[in-house]
Amino acid sequence: MDWPVERTARLAAGQTDGVLSDINFGEVFPFVAKPLARDGLTRYIGPALGSQVAGLSRSDPLVLDLNPIAFVAGRPYMDLSAYINLPAISRRLDVMEAVDQTKGKVIADLVRAKRLNPVPISFAARVTLHLAYARMGLRSLWWLVRRRTPEDLLGAYAHTTDRLRVLVRRPLDEDAPATLLADLDREFNEESDPTKDGLRHLGLSMFLHMALHRLLAKRVPPVLIDDLGKGIPHNPTTTIALDLWALAQEARPLAEIFEKTPPDELAQVLQGTDAGHRWWTSFEAFLARHGHRGEVELDLTTPRWREDPTFLLQTVTNYLRHPVGTSTPPDMLAEGMRHRKAAASAVRKRLPFLLRSLFGWLYRRYVLWLPFRECMKYTWLLGMEHARRVYRELGRRLVTAGHLKTMDEVFWLRLQEVRVWAETDRVTWTQEMLELREREWRQWTALRPPSLMIGMRGIEAAAPPSRSRERSLLHGTSVSPGRAEGIARVITDPHRADLRSGEILVARYTDPAWTPLFFTAGALVTEIGGVLSHGAVVAREIGLPAVVGVAHATSLIVSGRRVRVNATAGTVELL
């Protein structure tokens, strides 16, 4: 069938055989975007990704010419035909496989077979991109050589995070609509803040991960290599889980209330007791710090935790059920740190003398840079929350003026329609247009486009379900070794995820917001991912056995089924 495709790269206009993929985007943007969210991704996120990967300023015309964001039936896809023009992509196809082994290999094979169909660009543009790539390489080398760089950057991220926390608490009701939109543009397009290079920082952490693996692959046992990624400090995603665990310990005297009360009624019930009120005050402090996160957090149209903390309250309930005598989240991270230090010592002893210094140089920087796999998103999401607040404030004013029925109807508008109204007070839409867009969106949410597209047609990008032994053994990619056996819990929406201790978490993908669930899971199985996907990085850090890239796992495994995960071999056995 022909799929509805929208490409935002200006040079893609007229190209009918462009190649699109949901590689990484299927994990990062797992939703059908409503019109205003679609325009926000196109205007802000696409250029941010493209400029950092290209090594150019966001104001460079080439960034918009090669905007990597595309949409298939409303779902964000990566425009590979635009992206492949960037040397950081065409010369580092191994990164694609590290993010998602199955899809990355298919994409690399397409490139080698010259079937990726790049968007045509001029010779001058090609020279510009290669010069930018060279400058970016030299800058990254300087960052690597200077050990203080990641320490300075952690301070810069903390400073920006604090500034944005103030911004998202600022009242918006006194600013004119046009002023709110102009301020939003400035916030997203500002390039002097070091955190706006977050994708390059993430890329450096990926480079160090792969460099260590190449150095050690045939020289030391794989288990030692995996242990080098455990117990990494300064990861904001695991900090959230630790803070939530500490809150759960404070809630021990209230365990019966948590167990018997639905999460959406807990606020009212807890406020009815002195102890519950004190705990809720602590919980509000947690939300003030981390409440900008959410279960589908890059979708502007979905609530943040501080708007709807149901997931967090359910997780606290799950933590209160944690069996006494089993490892707690702080125990798991401390144990991971001990394993990492022991592994580093064992690796040094196994390496030839001349390679020990190289390993030590890479390893020290690996520990310093790996947190940036998560730092960027943690900080950027405060900006996304600010954008959501601005759009909903404009929606509130449109309701007051009689132009919309509800505040959240603003997300059915296109950004240009909002801008015209903000600047001229002129309404260019009708209720019928909004209803048509909503019907289209609902139709698209029921569809699952192919992972790889050429033009408007899908091609097979993922391996079919791989089973053996009378369809009882599933295969994937091992990203965190270990073994576990337990009851499977298939979770497609974490909002009310009731994951009991030791259960095997089975999901299509995982997002940083899912991390609190990892500490009660016995193992992780996902359909999407690679060795550098979010779930893989955090699983290794806490020692959680994990297998990713298990095709159709959420449909082949049923909640309640007992499974045996051999994450060292990359298999999941249905018992």
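The largest nonpolar core of this predicted model has 117 residues, and Leu216, Phe359 and Tyr391 have the most contacts inside it. A nonpolar core is a set of buried Ala, Val, Leu, Ile, Met, Phe, Trp, Tyr and Cys residues joined through side-chain atoms within 4.5 Å. Buried means under 20% relative accessible area, exposed means over 50%, and partly exposed lies in between (1.4 Å probe, protein chains only). The largest share of this core, eleven residues, is supplied by helix 20 (residues 372–400). Apart from this core lies another one, of 48 residues, which includes Trp280, Leu312, Met332 and Ala521. In soluble globular proteins, nonpolar side chains tend to be buried together.

Residues are numbered from 1 along each chain as its sequence is written. Local features need pLDDT of at least 70, side-chain atom pairs count only at pLDDT 80 or more, and totals for chains, interfaces and linings use all residues, while side-chain values use heavy atoms and leave out hydrogens and water.

Leu216 touches Ile225, Leu228, Val347, Leu351 and Phe359, not counting residues up to four places away in sequence; contact means heavy atoms within 4.5 Å. Helix 11 comprises residues 198–216. Helices (H or I, at least four residues) and strands (E, at least two) are DSSP runs, numbered from the N terminus. Of the 19 residues of helix 11, 15 are buried, so the helix is largely enclosed by the rest of the structure. Helix 20 is also mostly covered, with 24 of its 29 residues buried.

The expected span of a helix is 1.5 Å times one less than its number of residues. For helix 11, 27 Å is expected and the end C-alpha atoms are 27 Å apart, which agrees; for helix 20, the values of 42 Å and 43 Å also agree.

The axes of helix 9 (residues 148–167) and helix 20 come within 10 Å and cross at roughly 20°. Axes are lines fitted to C-alpha atoms, for helices over the stretch in contact, and angles run from 0 to 180 degrees between N-to-C directions. The two helices are therefore roughly parallel (an angle under 35 degrees). Among the residues of helix 9 that meet helix 20 are Pro150, Leu153 and Tyr157.

Three residues with positive phi are listed below.

| Residue | Phi | Place |
|---|---|---|
| Asn117 | about 55° | loop between helix 7 (101–112) and helix 8 (123–145) |
| His552 | near 60° | loop between strand 13 (546–548) and helix 25 (553–556) |
| Gly402 | near 85° | follows helix 20 |

His552 counts as partly exposed, at 41% relative accessibility.

Notes: Angles under 35 degrees count as roughly parallel, over 145 as roughly antiparallel, 65 to 115 as roughly perpendicular and the rest as oblique.
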